[in-house]
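Me: I'd like a close look at the backbone in one part of this model, the loops with an odd phi. Take me through that part slowly, then through what surrounds it.

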Amino acid sequence: MTDLNYHHLRYFWAVAHDGNLTRTAERLNLSQSALSAQIKQLEGRIGQALFERRGRALHLTEAGRIALDHADTIFAAGEELLDTLRETARPARALRVGALSTLSRNFQLSFLEPVLGRDDVEVILRSGSAAELYAALNALNLDVLLTNTPPPRDAITPYLTQKLADQTVGLFGRADRVSGTATLEDLVAQHPLILPTRDTLIRDAFDTLLRRVGAVPKIAAEVDDMAMIRLLARQGTGLAVVPPIVVQDELARGELRQAAMLDLHELFYAVTLDRRYPNPLLAELLDRADTRK
């Protein structure tokens, strides 16, 4: 395609990443109609619709996803050319990662550790709700989404899901709360608990376990952030119900101790789209995760 208009391609690229025609037009100081016309010309030259409207939102078609993959490669190569000629040290490639805001920070760091600090990599880490992050993944604004809840699998769901880790959940607290051995029933009777909120799989499984053994908890706090659960446990507020990776640093320093391990598990997943041109940095991380299982 020798007569491809790269101005049109760049306008398409900007709208695809913004996900909003009006916002892109304002950012580029263009009228919305002029920007729309440029994209229509590109669609005419390619012979494929690149966007489809669903209500007020723009969504990429399959052809649009392929075009965006190519546009990402083209404009990244242009930036790399300029950086090379200017002898600057900008990262050659970005890795865009989304993680649920409630997900363990220690787990996120463990997953990203192989690329953190590399001169040729820029890690862009975004946290948010599942709805926000799946929307960003669908718009190709993320390369991968880290979650502890896999997406549904059906004929219209375009996600690829890889299990990264399986962590046994335990009870952890300060030394003044953890001494010797005790049954789950005794621990629940003697100590207040710091629990994940009721919309999490861990909490649902823990509540089921307590009902099975006939234990009634005294709840000190219900928290939707693993980092805050860790801090509350360090303050002595109660026993925290978490996977050990959440409190691994406190365990290593002796600030917290294990009171019991439970017959509960938290699974961690990487969710991606089935893309023609996936980010090669992501392949490195997923391959490493496979070897660590």
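Reply: Let's fix the words for burial before anything else: buried is under 20% relative accessible area, exposed is over 50%, and partly exposed is in between (1.4 Å probe, protein chains only). Keep in mind that this is a predicted model, where local features need pLDDT of at least 70, side-chain atom pairs count only at pLDDT 80 or more, and totals for chains, interfaces and linings use all residues. Numbering starts from 1 along each chain as its sequence is written, and side-chain values use heavy atoms, with hydrogens and water left out.

Now to the loops. Most residues other than glycine have a negative phi. N29 has a positive one, about 60°, although it isn't a glycine. You'll find N29 in the loop that runs between α2 (21–27) and α3 (32–46). Helices (H or I, at least four residues) and strands (E, at least two) are DSSP runs, numbered from the N terminus. N29 has a relative accessible area of 72%, so it counts as exposed.

L140 is the other one to look at: its phi is positive too, about 65°, and it isn't a glycine either. This leucine sits in the loop between α6 (130–138) and β5 (144–147). Buried or exposed, then, for L140? Its relative accessible area is 5%, so L140 is buried. Put the two side by side and you have N29 exposed and L140 buried.

Stay by that second loop for a moment and look at N141. Its C-alpha is 7.2 Å from that of R96, although the two residues are 45 apart in sequence. R96 belongs to strand β3 (residues 93–100). With a relative accessibility of 33%, R96 is partly exposed.

Helix α6, on one side of the L140 loop, also brings us to the aromatic rings. Rings of Phe, Tyr and Trp (its six-membered ring) pair if their centres lie within 6.5 Å; planes under 30 degrees apart count as stacked, over 60 as edge-to-face and the rest as tilted. By that rule the model has 4 aromatic pairs. One of them is F12 with F51, a tilted pair because the centres are 5.5 Å apart and the planes meet at 55°. That pair links distant parts of the chain, with F12 in helix α1 (residues 6–18) and F51 in strand β1 (residues 51–54), 39 residues apart. Both of these phenylalanines are buried.

The pair that involves α6 is Y134 with Y159: ring centres 5.1 Å apart, planes at 55°, so again tilted. Y134 is in helix α6 and Y159 is in strand β6 (residues 159–173), so this contact ties together parts 25 residues apart in sequence. Y134 and Y159 are both buried.

To finish, follow the chain to strand β7 (residues 193–196). Strands pair if DSSP finds at least two bridges between them. β7 pairs in the parallel sense with β8 (residues 219–223) over 4 bridges, and L193 stands opposite I219 of β8. β7 is also joined by 2 bridges to β9 (residues 239–242), again running parallel. There, I194 stands opposite A240 of β9.
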